[in-house]
Amino acid sequence: MKVLPSWVLVALGSAFFAALTALFGKLGVAGINSNMATFIRTIVIMVVTAGILSMRSEWQKPESISAYSWLFLVLSGIATGLSWLCYYRALQLGPVSKVAPVDKLSVAIAIVLGIVFAGEQLTWQVALGGALIVAGSVVIILF
């Protein structure tokens, strides 16, 4: 039996917690402004991450981080914030059973961006998986 690479287990953990994020977000955003909900979520993430960094003694001096890393982490943070703002608003407007799967179109978009900007290779397995995600999202949106 082939052992799965460690990244697969961590990615499955990410998927599980993303599912909980969708459910808890849908329940939590009821009755409040979606932007305020995103702000609260962001504060919680900062506190939890700071706790993990502290427990594992992984803090770094800001000046030890390259300008390249800073640039792309800041851009990633902006993209994350905009994604969350859209996501929470979508959860207010639609059912979690439709919003969360459509949000996963990000997987197919990330595949394309990885190929175009990161020089990754497109395999038939990745192409098929991405196409199935797109097809599933289209079915969810249209029906």
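How many helices and how many strands does the secondary structure of the protein chain come to? I counted six helices and zero strands. I am working from a predicted model.

**Overall layout**

I read the elements from the N terminus and got α-α-α-α-α-α. I then looked up the extent of the chain. Along the principal axes, the C-alpha atoms fill a box of roughly 50 × 45 × 35 Å.

Next I checked burial. The chain has 143 residues, and 13% of them count as buried. I also looked up the accessible surface, which comes to about 10700 Å². Carbon and sulfur atoms hold 76% of that surface.

For contacts, I took pairs with a separation of 6 or more. Residues 24 or more positions apart make up 73% of these.

I noted the charges too. There are 8 positive and 4 negative charges, and their mean positions lie 13 Å apart.

**Helices α1 and α3**

I turned to one helix pair. Helix α1 covers residues 6–28 and helix α3 covers residues 67–93. Their axes come within 9 Å and cross at roughly 60 degrees. I noted the crossing of α1 past α3 as right-handed. Which residues make the contact? From α1 I listed Ala-22, Gly-25 and Lys-26. From α3 I listed Tyr-87, Tyr-88, Leu-91 and Gln-92.

**Ser-34**

I looked up Ser-34 next and found it in helix α2, residues 34–55. Is Ser-34 buried or exposed? Its relative accessible area is 6%, under the 20% cut-off, so I entered Ser-34 as buried. Leaving out residues up to four places away in sequence, I found Ser-34 touching Val-29, Tyr-88, Arg-89 and Gln-92. Tyr-88 and Gln-92 also appear in the α1–α3 contact.

**Ser-57**

I went on to the loop between α2 and α3, where Ser-57 is found. Phi of Ser-57 is near 50 degrees, a positive value in a residue other than glycine. I then checked its accessibility. The relative accessible area of Ser-57 is 65%, which is over 50%, so I wrote it down as exposed.

**Pro-95**

I placed Pro-95 in the loop between α3 and α4, the latter being residues 96–103. Pro-95 has a relative accessibility of 42% and counts as partly exposed. I looked up its spacing to Ala-22. The two are 73 residues apart in sequence and 10.0 Å apart in space, C-alpha to C-alpha. Ala-22 is one of the α1 residues in the contact with α3.

**Leu-105 and Ser-137**

I closed with two residues that touch each other. Leu-105 lies in helix α5, residues 105–118. Ser-137 lies in helix α6, residues 124–142.

What is the relative accessibility of Leu-105? I found 23%, which falls between 20% and 50%, so Leu-105 counts as partly exposed. Ser-137 has a relative accessible area of 1% and is buried.

I then listed their contacts, not counting residues up to four places away in sequence. Leu-105 touches Ile-133, Val-134 and Ser-137. Ser-137 touches Pro-101, Val-102 and Leu-105. I placed Pro-101 and Val-102 in α4, given its span of 96–103.

I took one C-alpha distance here as well. Leu-105 and Val-138 are 33 residues apart along the chain, and 9.6 Å separates their C-alpha atoms.

Conventions
Residues numbered from 1 in each chain as written. Predicted model: local features only at pLDDT ≥ 70, side-chain atom pairs only at ≥ 80, totals over all residues. Heavy atoms only, no water. Helix = DSSP H or I, 4+ residues; strand = E, 2+ residues; numbered from the N terminus. Buried < 20%, exposed > 50% of the residue type's maximum accessible area, 1.4 Å probe, protein only. Contact = heavy atoms within 4.5 Å. Areas by Shrake-Rupley, 256 points an atom, 1.4 Å probe, with all protein chains shown as cover. Lys, Arg positive; Asp, Glu negative; His and termini not counted. Charge placed at Lys NZ, Arg CZ, Asp CG, Glu CD. Axes fitted to C-alpha atoms, helices over the stretch in contact; angles between N-to-C directions. Left-handed = near helix turned anticlockwise from the far one by under 90°.
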